[in-house]
Amino acid sequence: MASSQPFPSAPPRPQPGFSPSPNPNPSSTADALQTLQIGRAPPPSAAPRAASIPFSSPASRFGLSRPGPPPFASRPPTTSAPITSNGPPAFGLGASRFPPPPPVAQRPPLAGSPASIRASPQAQVSRPFTGSSPSVPPPSSQPFMGSPPSSQPFMGSPPSSQPFMGSPPSSQPYMNPPPSSQAFMGPPSSRPFAGPPSSQPFAGPPSSKPFGAPPSSQPFGGPPSSQPFGGRPSSQPFMSPTMPFPGTPASSLPFGTPSWQFQTQQGAPPMPGTMQAPPRMFGMPPNMSGQPMAPFPPVTGHSPLAGHQVSTQSKIDPNQIPRPVPSTSPTLFETRQGNQANIPPPATSDFIVKDNGNCSPRLMRCTMNQIPCTGDLLSTSSMPLALMVQPFVLPHPSEEPIQVVDFGESGPLRCSRCKGYMNPFMRFVDQGRQFICNLCGFMNETPRDYYCNLGPDGRRRDVDERPELCRGTVEFVATKEYMVRDPMPAVFFFIIDVSMNAIQTGATAAACTAINQALADLPEGPRTMVGIATFNSSIHFYNLKRASQQPLMLIVPDIQDVYTPLHTDLIVQLTECRQNLEQLLDSIPNMFENNRVAESAFGAALKAAFLAMKPTGGKLLVFQSVLPSVGIGSLYSREAEGRTNVSSGDKEAHKLLQPADKTLKTMAIEFAEYQVCVDIFLTTQMFVDIASLSVIPRTTGGQVYYYYPFSVISDPAKLYNDLRWNISRPQGFEAVMRVRCSQGLQVQGYSGNFCKRIPTDIDLPAIDCDKTIMVTFKHDDKFQEGSECAFQCALLYTTEYGQRRIRIINLSLPCTSMLSNLFRSADLDTQFTCFLKQAANGIPASPLSEVREQITNLCINILHSYRKFCATASSSGQLILPEALKLLPLYTLALVKSIGLRNDGRLDDRSYWVSRSASLSIPMAFPLVYPRMISIHDLASKEDDGSLLSATIPLSSEHINDDGIYLLENGEDGLIYVGNMVNPDTLQQLFGVSSVDGIPTQLVLQQFDNDLSKKLNDVVNETRRQRCSYLRLRLCRKGDPSGLFFLSYLVEDKIPGGLSYVEFLVHVHRQIQTKMA
Ligand SMILES: [Zn+2]
């Protein structure tokens, strides 16, 4: 018998109303993020200490670094305490002061390694810590048609022989504690982000920064991430139209015929074809505006099919070309009405979903809201057919929670052939005695205890009482049949790089501090287990299970054939070892203070920790600062090689974005098999080969965090907040996912962070609210016009609270044989995110020029199809954009100019971009590619109605004034650009200085007692809330490299080697005309 209850029942996951703030999870984060010790002095332990403190030091010291609840918990202090934001990274702290480790040939002897306290499998030697002894290193006009005609449409598919998720791999051991009703991670609501301001651990005034050189003496020197100014002399004018793109071979030009490049060097890029004079180049620097106007074909979009009118005259009006328009107020979206699917609002807009049969588009969204009846029609459209699935996405606080249904011992009702789960689109017939599966068309007998007779409308009379029959998304309680073992405990294993570089740059201390504080965010109770290890050229485990005694260090020197030194006591209940662990974390930076071992046995450390976690599975959180140089999976610096190759136009250069070898991938697959999810926090000032390292998180459902160049001043706050969000966000463990669809389509592939061992399912040691999985489809049969095609995602997982659940997400869309319907119902957001992921997947596999060309062609082909089949003949000379896809050219242009697709990016920056894109959600894909920019200098005059962020500025230098200040954010970094003629009063209000030169490069954004300053802080905090990400702020100043770095984000501008937005429209138009001819 089925019963339903509001989800969640006991320990709730974040849900509407749990927080006083308007948007529970994000805002909780935001509360967290906004007060995050922004601008506070680094914690005492975050700097290399002058004096060593013994591990066994009195508790008073221990108290120092753990003053109370985590800073997340705090509301921002009001005016009395300045709220500050972290500034740009402390360039110069690193490389100049701390030289990178010597090459292997010059490695220092291993004298610093703890030879005296080695453990071996046979004889483990251990001893208590001895303190800091150096010896211990330690839209359609046609109505969607409803349900398919009677019984025949989906017959014929063979019964599935693979029961979905019924029997997880038998190789998994059954070795953990019994399931417990205690929360895996404690409901977020029980960790209110509402502690008193005074509890901020890092509340020290900015002036107490103990770190070295004054900020003003640090040039904004390093290439923050990727971009042009990193790769070329800063004296070169970034915007110079006459400067060829450095290092760009002709073959890698994004769009071009050979004549392109030649013409580009004339300063104005005529379009291929007959046009001789260049179009007006919007977005050019002012001194370029004197270019002659081109005779220009009208670029209009007057279409009988809702085509977008770009312009009406003989030139493109930059004010009429399509640009994103942010939504200002939330809309209500009903997923179905009158038995028809509704077209969802833009993914980036603010909306509240009412699930009445189809799932929330946040959870699952299709590239088109009508499904082509045939594969031919799909091909003709040139559009992708794919779903973006984000199974744990945060809901809007005003939405109903997902309901949980418990069918008791019989488990959820499924189709006996395809194993699809009961859903609102299964059709009951024969007085309710049978039901027809909407996925495979099979006629099932209704189980006796599920029988209900039908009403006059042909629907079951109990539909509205059964969530699985009226809601697009529902959760079923899993029965024993869905378990091969008891649900796993919550295991968190931290491993920390203590090699010389990590110690000296403060990265080790920052990691220890972050972990120490994040312990407070782990749930209380016996289900929470922790373990810790450190490593350089050897691995150091710690026996934490020694009541009222110091932890033992256990050293594993063998980094080729790794073992785990103990089979118990390395992973201990948090309640048993919290004090020991806190003390240990306080001491680690000192213990290894004099460490001169530069090597890093990263792979071996992971493997050893994995062996300890193997019986349970869990989360492995790795803090790594240097390139892994010894032991299993060691790597070498490919960066120098990469630069040489890229600049010489080597066709093989993309291979540097592939993993160096298969060692780490093999390890990762084994990790995934035992439900170990790895997250890697890269706090580094050097090349670390992210292309190789990222394979591990990607295969195990984890992610890469990248702090480059790591700054001990600005990055610890972000590190801590990232870690905190990592462990406290909604997530599931030991998960398996499968997507089913109606017969007529089949799944073509999955893309994201997971491990795939069998064709139909993906394994997810962990999956969280930020992760999105792309699922692509192809036709294997035809649909009838007017029928519906259903998609069903089933995710079997263990909740944070140790319960086994099956989350079912349903989406049923009408099928059409009309191309115009496909275009009318096209979903730009999903299609573009699909392109982004395709590009990310393609970057390591193909030469860059090919990837850019492929992405550009995707756009051109779609628009060509529309032009050819849906537009009227009278508009032959016009560029016609389908209304739903009118922004596709803009986003395509922005994509081909992204960090990942640029020749001049650092290898690691590009690899990080690829890694990040792989699991990125739709709402976060847009800012990554087309960042949001707003003006700051005039904030005070704007209405403070909560929409300060909606007044966005096009990413064009036309909109940047010398007397202005701008904030540009991409979801991860925030750049504050200051013009060179800003009113001194404005500077005074925002930064406390009256001259642009007086603003230290190491920007510390404080909150001063004026409206402008308050609003800037509000904007930064709101951005953090929306993005669920701690925005790292960097100051960019006109006239120096940081300013050029900022300008590189203005994707509508013409840049060397890249077209302006208007030019790109012209290019697209010409290409379409060529295809039409
Ligand atoms: Zn079926």
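This passage looks at a zinc site and two helix pairs in a predicted model.

The zinc ion is held by cysteine sulfurs: its protein donors are the SG atoms of Cys 415, Cys 418, Cys 437 and Cys 440, lying 2.3 Å from the metal. Along the chain, these donors are spaced as C-x2-C-x18-C-x2-C. Cys 415 sits in the loop between β11 (403-406) and β12 (427-429), while Cys 440 sits in the loop between β13 (434-436) and β14 (443-445), so this pair ties together parts 25 residues apart in sequence. As for geometry, the 4 donor atoms subtend angles of 102 to 115° around the zinc ion, which makes the arrangement tetrahedral. For reference, the ideal angle for four tetrahedral donors is 109.5 degrees.

Next come the helix pairs. Helix α8 (residues 507-518) packs on helix α9 (residues 574-591) at about 170°, with the axes 8 Å apart. That angle makes α8 roughly antiparallel to α9, and the crossing is left-handed. On the α8 side, the contact involves Thr 508, Ala 509, Cys 512, Ile 515 and Asn 516, which meet Glu 582, Leu 585, Asp 586, Ile 588 and Pro 589 of α9. Sorted by class, this contact has 6 nonpolar, 2 polar and 2 charged residues.

In the other pair, helix α19 (residues 888-896) and helix α25 (residues 1061-1076) cross at roughly 110°, and their axes come within 10 Å. Here α19 is roughly perpendicular to α25, passing it in a right-handed crossing. Pro 889, Leu 890, Thr 892 and Leu 893 of α19 meet Tyr 1061, Phe 1064 and Leu 1065 of α25. The contact of α19 with α25 has 6 nonpolar residues, 1 polar residue and no charged ones.

Definitions and conventions:
Residues are numbered from 1 along each chain as its sequence is written. This is a predicted model: local features need pLDDT of at least 70, side-chain atom pairs count only at pLDDT 80 or more; totals for chains, interfaces and linings use all residues. Side-chain values use heavy atoms; hydrogens and water are left out. Axes are lines fitted to C-alpha atoms, for helices over the stretch in contact, and angles run from 0 to 180 degrees between N-to-C directions. Helices (H or I, at least four residues) and strands (E, at least two) are DSSP runs, numbered from the N terminus. Angles under 35 degrees count as roughly parallel, over 145 as roughly antiparallel, 65 to 115 as roughly perpendicular and the rest as oblique. A crossing is left-handed if the near helix is turned anticlockwise from the far one by less than a right angle, and right-handed if clockwise. Contact means heavy atoms within 4.5 Å. Ala, Val, Leu, Ile, Met, Phe, Trp, Tyr, Cys and Pro count as nonpolar, Asp, Glu, Lys and Arg as charged, and the others, Gly among them, as polar. Donors are N, O and S atoms within 2.8 Å of the metal (3.2 Å for Na, K and Ca); water is not among the atoms, so sites may look incomplete. Four donors count as tetrahedral if all angles lie between 85 and 135 degrees; four count as square planar and six as octahedral if opposite donors are over 155 degrees apart and all others between 65 and 115; anything else is irregular.
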